[in-house]
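Notebook open, model loaded. I want to go through a helix, the nonpolar cores, a pocket and one glycine, in that order.

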Amino acid sequence: MADVRQLLTDAALQLGDRLEAELLLVHVLDKPRSWLIGHADEALDASHATRYAALVERRRHGEPVAYITGRRGFWSLDLEVTPATLIPRPETELLVELALDKLPAKKPSRVADLGTGSGAIALAVARECPHALVVATDASTEALAVARRNAERLGIANVTFAQGDWLAALADQRFDLIVSNPPYIEAGDPHLAQGDLRFEPFSALASGRDGLDDIRRIVADARAHLEAGGWLMMEHGWHQGEAVRSVLLGAGYAEVFTAVDLEQRDRVSGGRKGD
């Protein structure tokens with residue numbers, strides 16, 4: 001029987017990625033990654049080795065690791081993900097950071113997360129701001145089911161869920177902050193047919209010819225759901241900062257800004273509803 005070291009070495013060569021090989025193996029073994037350090041010489045039984053080989057093959061054919069394992073870490077959360085949800089990405093944590101900067105630490109506030117998917121943004125904000133009431137919306141009933149399961153498993157109780165397309169799910173509710181990671185890729189972008197994106201829900205990725213159709217809709221409709229002085233903030237593509245600021249300014253938002261990610265690329269833009 002092959003030992004842990006040999007299996008990882010072979011898988012890493014096939015995948016070209018040691019981390020992915022490790023994530024798949026600890027998923028099969030139901031162990032933390034730290035377990036691998038002290039058990040490199042341990043032999044795996046045939047059933048584990050066979051299952052691991054099958055998962056490596058799935059990844060080799062392009063299926064995202066997050067969908068294979070059903071898990072993805074985001075912020076301080078271990079989230080369930082499925083093909084019904086977008087895979088949470090590290091750059092989206094910037095939106096959480098900016099949201100937290102706008103929320104009072106110990107004062108009640110109301111937050112809406114539009115297109116919540118796995119619930120990543122909503123649950124991160126709710127975990128950090130227990131005095132906030134967060135409403136997470138999604139047009140997909142399957143995605144909302146995943147988000148609800150994440151909230152229940154993580155014990156985050158200050159989140160509620162509403163099914164509907166963008167702000168239509170909010171009825172006449174108003175909020176101090178509205179956040180969203182909407183689709184923003186151009187519908188004809190060739191990257192949609194490459195890599196992990198091939199497996200993710202198209203409706204959560206692409207939005208019209210220039211990628212801004214959903215952002216325009218959110219900007220136009222959000223004002224009716226913001227309290228005076230409330231903020232709207234959205235993630236977008238690295239080349240879309242100027243265009244999104246223009247949309248926000250055209251809709252009458254004040255203090256319009258764009259924040260850059262760790263690679264110094266435009267990533268989140270927002271604005272405040274006037275008093």
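**Helix H10 and its surroundings**

I started with what the buried residues of H10 pack against: helix H9 (213-222), and the strands S7 (226-235), S8 (254-260) and S9 (266-272). Note to self: this is a predicted model.

Which residues of H10 are those? In helix H10, which covers residues 241-250, I find Gly241, Val244, Val247 and Leu248 buried. I then looked down the axis of H10: the buried residues fall within an arc of 125°, so they line one face of the helix. On the face turned away from that buried side I noted the exposed residues Glu242, Leu249 and Gly250. Just past the end of H10, Gly252 has a positive phi of about 90°.

**Nonpolar cores**

Next I pulled up the largest nonpolar core, which has 35 residues. Val125, Val159, Leu177 and Met233 are the members that touch the most others in it. Helix H7 (residues 120-128) is the top contributor to this core, giving 7 residues. There is also another core, apart from this one, with 29 residues. Val244 and Val247 of the H10 list turn up there, and I also noted Ile185 and Ile215 among its members.

I went back to Leu177 to see what it touches. Skipping neighbours within four places in sequence, Leu177 is in contact with Ala99, Leu103, Arg110, Val111, Ala112, Leu226, Trp231 and Met233. As background, nonpolar side chains tend to be buried together in soluble globular proteins.

**Second largest pocket**

How much space lies in the second largest pocket? I get about 210 Å³. Its lining is made up of Leu23, Val26, His27, Asp30, Lys31, Pro32, Arg33, Val65, Thr69 and Arg71. Sorted by class, I have 4 nonpolar, 2 polar and 4 charged residues in that lining. Helix H2 (18-29) and helix H5 (65-69) each put at least two residues into it, and H2 has the largest share, with 3 residues.

**Gly274**

Last stop was Gly274, which I found in the segment after S9. Buried or exposed? Neither quite: Gly274 counts as partly exposed, because its relative accessibility is 31%. Not counting residues up to four places away in sequence, Gly274 touches Ala228 and Gly229. I also checked Gly274 against Ile218: the two are 56 residues apart in sequence, and their C-alpha atoms are 17 Å apart in space.

Definitions and conventions. Residues numbered from 1 in each chain as written. Predicted model: local features only at pLDDT ≥ 70, side-chain atom pairs only at ≥ 80, totals over all residues. Heavy atoms only, no water. 1 Å grid on protein atoms, 1.4 Å probe; cavity = no way out; pocket = protein on both sides within 12 Å on 5 of 7 lines; lining within 4 Å. Points joined across faces, edges and corners; volume = space filled by probe spheres on them. Helix = DSSP H or I, 4+ residues; strand = E, 2+ residues; numbered from the N terminus. Nonpolar A, V, L, I, M, F, W, Y, C, P; charged D, E, K, R; others polar. Buried < 20%, exposed > 50% of the residue type's maximum accessible area, 1.4 Å probe, protein only. Arc of directions from axis to C-beta. Contact = heavy atoms within 4.5 Å. Core = buried A, V, L, I, M, F, W, Y, C linked by side-chain atoms within 4.5 Å.
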